[in-house]
Amino acid sequence: MNSKDNVTVNNIEIFSDERGEIAFSNDSSLEQFRRFYFIEHKSTEVVRAWQGHPIERKMFVPVTGEFLLAWVKVDDFSNPSLNLQAQH
């Protein structure tokens, strides 16, 4: 599990046998999330964005492949600075 600027990245493990695969994370607790998303992109050229909320936490799970997670730490939700830089 990695944390930065209140963004937490949990490890997803996969168990596989003759019946198939199951993905799981023993580090995750769904109590802290209001929403979660399973993501599978058709192309690496696709850029997808979600809008932030001052008190809502979201979970993103890539189904296959990988993705780059980037975020902007908003300084003031009522009047955010225009020059905020994305973190990743």
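**Exercise 1. Which residue in S4 does Ile14 stand opposite?**

Let's work through this together; keep in mind that the model is predicted.

Step 1. Find the two strands: S3 covers residues 13–17, and S4 covers residues 20–24.

Step 2. Look at how they run. S3 and S4 pair in the antiparallel sense, over five bridges.

Step 3. Read off the partner: Ala23 in S4 is the residue opposite Ile14. As a second example, Ser16 has Glu21 in S4 as its bridge partner.

Step 4. Now follow the chain from S3 to S4. The connection is a hairpin, made through two residues.

**Exercise 2. Find the salt bridge in this structure, then sort its two residues by exposure.**

Step 1. Start with the idea: side chains of opposite charge can pair when their charged atoms come close.

Step 2. How many salt bridges does a search of the whole structure find? The search finds one.

Step 3. Name the pair. The side chains of Arg19 and Asp17 form a salt bridge, with 2.4 Å from N to O. The cut-off for this contact is within 4 Å, so the pair qualifies.

Step 4. Sort the residues. Exposed means over 50% relative accessible area, and buried means under 20%. Arg19 has 70% relative accessibility, so Arg19 counts as exposed. Asp17 has 22%, so Asp17 counts as partly exposed.

**Exercise 3. Place Thr44 in the structure and compare its separation from Phe67 in sequence and in space.**

Step 1. Locate the residue: Thr44 sits in the loop between strand S5 (35–39) and strand S6 (58–62).

Step 2. Is Thr44 buried or exposed? With 78% relative accessibility, Thr44 counts as exposed.

Step 3. Put the two separations side by side. Thr44 and Phe67 are 23 residues apart in sequence, while their C-alpha atoms are 8.4 Å apart in space.

**Exercise 4. Describe the nonpolar surface patch that includes Leu30.**

Step 1. List the members: Leu30, Phe36, Phe38 and Val63 make the patch.

Step 2. Give its area, which is about 430 Å².

Step 3. Take a closer look at one member. Leu30 belongs to the loop between S4 and S5. Its relative accessible area is 52%, so Leu30 is exposed.

Methods
Residues are numbered from 1 along each chain as its sequence is written. This is a predicted model: local features need pLDDT of at least 70, side-chain atom pairs count only at pLDDT 80 or more; totals for chains, interfaces and linings use all residues. Side-chain values use heavy atoms; hydrogens and water are left out. Two strands pair if DSSP finds at least two bridges between them. Helices (H or I, at least four residues) and strands (E, at least two) are DSSP runs, numbered from the N terminus. Buried means under 20% relative accessible area, exposed over 50%, partly exposed in between (1.4 Å probe, protein chains only). Patches are made of residues with over 30% relative accessible area and no salt bridge: like charges are joined within 9 Å, nonpolar side chains (Val, Leu, Ile, Met, Phe, Trp, Tyr) within 5 Å. Accessible areas come from the Shrake-Rupley method with a 1.4 Å probe; for residues, only the protein chains shown count as cover.
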